[in-house]
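Grab a viewer and something to scribble on. The exercises below go through strands, helices and domains, each with a worked solution.

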Amino acid sequence: MGAAGYVTGSRVLIETEKTRVYVDAGLYQGPKYIEEKNFQSLETDPSKIDAIFITHAHIDHSGLLPLIVKKGFRGPIFCTPSTIKLLEILLPDAGRLQEEEYKFYSKKRIERYELTGPLFSEEDAHKALSFLKPLPFGEKLKFRDITAKFYWAGHIVGAAYLTLKTMGKTILISGDIGPRETIFHRQREKAPQADYVIMESTYGNRFHEKKDYETQMKKAIDTVTRKKGMLLIPSFAVGRTQLVLYVLYRLIKDKKVKPIQIFIDSPMAARATRVYLEHPNQIREDIIKGGFLEFMKSKAVQMIESVSESKNLNYFNGPGVIVSASGMCSGGRIMHHLFSRLWDRRNMILFSGYQANGTLGRIILEGASRVKIFNRELPIRCLVDNINAFSAHADQDGLTLWVKDLSEKMPEKIFLHHGEDEAREMLKTRLEEVIKSKIEIPRTEDVYYL
Ligand SMILES: [Zn+2]
């Protein structure tokens, strides 16, 4: 129903003799022609869906829930307990963004999608939250003629693969698959055996480079320490921020850099970090034993909550580090830090991942000498760098190994989902070299009888 040929909008409808469930209910995100898909009416009347399973909290897997509930869905939404905690943070925020976007476009009288209101509101999101039901990792749930179970996927906190056993067959849905060697999260579980597999293929055509992120981070901290400046790290709130904090912690603990004050200035990142700290079993064991939790609770890391505290950071003399959202500088508190710091040579911006075309992050990273922020044109005089080595997804090798790990009996069919066509085609070719299963590349609304 979604993400067939795309990396957002994940949604699969599974029907048995007695039951109809969605696995994931994601929002399409990205350029206008992709986001427009959100506004096309739901193909299946949501009131006729009996239950929804959510593999993890990322909005491209969960962000359609408020709309589905608004349109009449009234069943249980099953996900892991830590995913519930994240959804409580992410869904209301998504609702707020939809409302703001609608206001923005209606004010400018831009005809967009012929809408008479936002896609969904913050209130719709809160309503959707009331349908969430926890299903812990490894526990079996019987729902009508389906038995469901979640497995740890090593992608973000709460992220799971899901098996649905029904009518004598097992279907495995991968959600997003974590990399083989994780820096921060606990290693993904071996995927269980299944007759049919629906798997993600985001990086089906790519190979992650092994770059030395520690050296890059050390260089950045040494630089701002020497210049008594501030290091600004724009970062996604869930997963990436915590990974960045871990790398900072490692450098300080191993005495590779001088101790430095760290601020997390994003209410969402602060809340997501707390979810991680409450679920240390989803972080690598050696990190927990090494004292990461104690470090996070120490004075070395300050979580900024209120707007006035955030503004006061402008008066903080370096050296220091500010980790703030959004990761591509398309909004959030990072904007006012850029506004007050990027014209100063003592400071540095260190991006923590891919910067999409058209974002302010991309413009800065590509070496612009001036940018416009809050309607003021500012010169960029600070240093700029990017750490590209952080990925929460498996690459082609990682995905292939994930399939090989299905061991003894290979699935009858594998459906490549949640990936662009080129990625799906290349992964298909690769998988056909190593296994005998039939590999399918479904299109939106294609129907398969299993
Ligand atoms: Zn994800």
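Here are five exercises, after a short note on the ground rules.

Heads-up: this is a predicted model, where local features need pLDDT of at least 70, side-chain atom pairs count only at pLDDT 80 or more, and totals for chains, interfaces and linings use all residues. Residues are numbered from 1 along each chain as its sequence is written.

**Exercise 1. Find the two domains and say which kinds of residue domain 1 turns towards domain 2.**

Step 1: get the bounds. Domain 1 covers 4–206 + 393–440, and domain 2 covers 213–386; such bounds come from an automatic or database domain assignment.

Step 2: check the spacing. The C-alpha centres of domain 1 and domain 2 are 29 Å apart.

Step 3: look at the contact (C-beta atoms, placed from the backbone, within 7 Å). Here 13 residues of domain 1 touch 16 residues of domain 2.

Step 4: sort the domain 1 side. It splits into seven nonpolar, three polar and three charged residues. In this scheme Ala, Val, Leu, Ile, Met, Phe, Trp, Tyr, Cys and Pro count as nonpolar, Asp, Glu, Lys and Arg as charged, and the others, Gly among them, as polar.

**Exercise 2. Work out the strand order of the six-stranded sheet and trace its pairings.**

Step 1: agree on terms. Helices (H or I, at least four residues) and strands (E, at least two) are DSSP runs, numbered from the N terminus. Two strands pair if DSSP finds at least two bridges between them.

Step 2: write down the order. The sheet is open and reads β14-β13-β15-β12-β16-β19, with parallel pairing.

Step 3: why do β14 and β19 have one side without a neighbour in the sheet? β14 (301–303) and β19 (383–386) sit at the edges with a single partner strand each, so one side of each stays free of a neighbour in the sheet. From one strand to the next, the twist averages 20°.

Step 4: walk through the pairs. β13 and β14 run parallel and share three bridges, and Ile 262 is opposite Val 301 in β14. Next, four bridges hold β13 and β15 in the parallel sense, with Phe 263 partnered by Ile 322 in β15. Then β12 (residues 230–234) joins β15 (residues 320–324) through five bridges, again parallel, and Ile 233 faces Val 323 in β15.

Step 5: add a helix. Helix α7 (residues 240–253) lies across β12, β13 (261–264), β14 and β15, and runs at about 160° to β15. Axes are lines fitted to C-alpha atoms, for helices over the stretch in contact, and angles run from 0 to 180 degrees between N-to-C directions.

**Exercise 3. Do the same for the five-stranded sheet, whose pairing is mixed.**

Step 1: the order is β2-β3-β4-β5-β6, and this sheet is open too. Its edge strands are β2 (12–15) and β6 (132–134), each with a single partner strand, so one side of each lacks a neighbour in the sheet. Here the twist averages 30° from one strand to the next.

Step 2: find an antiparallel pair. β2 and β3 (residues 20–23) run antiparallel and are joined by four bridges, Ile 14 having Val 21 as its bridge partner in β3. A hairpin of four residues leads from β2 to β3.

Step 3: find a parallel pair. β4 (residues 51–53) and β5 (residues 77–79) pair that way over two bridges, and Phe 53 is matched with Phe 78 in β5.

Step 4: place the helix. α4 packs on the sheet, touching β5 and β6, and its direction makes about 150° with that of β6.

**Exercise 4. Describe how α4 packs against α5.**

Step 1: the axes of α4 (residues 81–107) and α5 (residues 122–129) come within 7 Å and cross at roughly 155°.

Step 2: classify the angle. α4 and α5 are therefore roughly antiparallel to each other (under 35 degrees is roughly parallel, over 145 roughly antiparallel, 65 to 115 roughly perpendicular, the rest oblique).

Step 3: list the contact. Residues including Leu 87, Leu 91 and Glu 99 in α4 meet residues including Glu 122, Ala 125 and Leu 129 in α5. The residues of this contact divide into seven nonpolar, two polar and five charged.

**Exercise 5. Repeat the analysis for α4 and α8.**

Step 1: the axes of α4 and α8 (residues 267–278) come within 10 Å and cross at roughly 170°. α4 and α8 are therefore roughly antiparallel to each other.

Step 2: Ser 82, Lys 85, Leu 86, Ile 89 and Asp 93 of α4 make the contact with Met 268, Arg 271, Ala 272 and Val 275 of α8. The tally is five nonpolar, one polar and three charged.

Key. Two residues are in contact if their C-beta atoms, placed from the backbone, lie within 7 Å.
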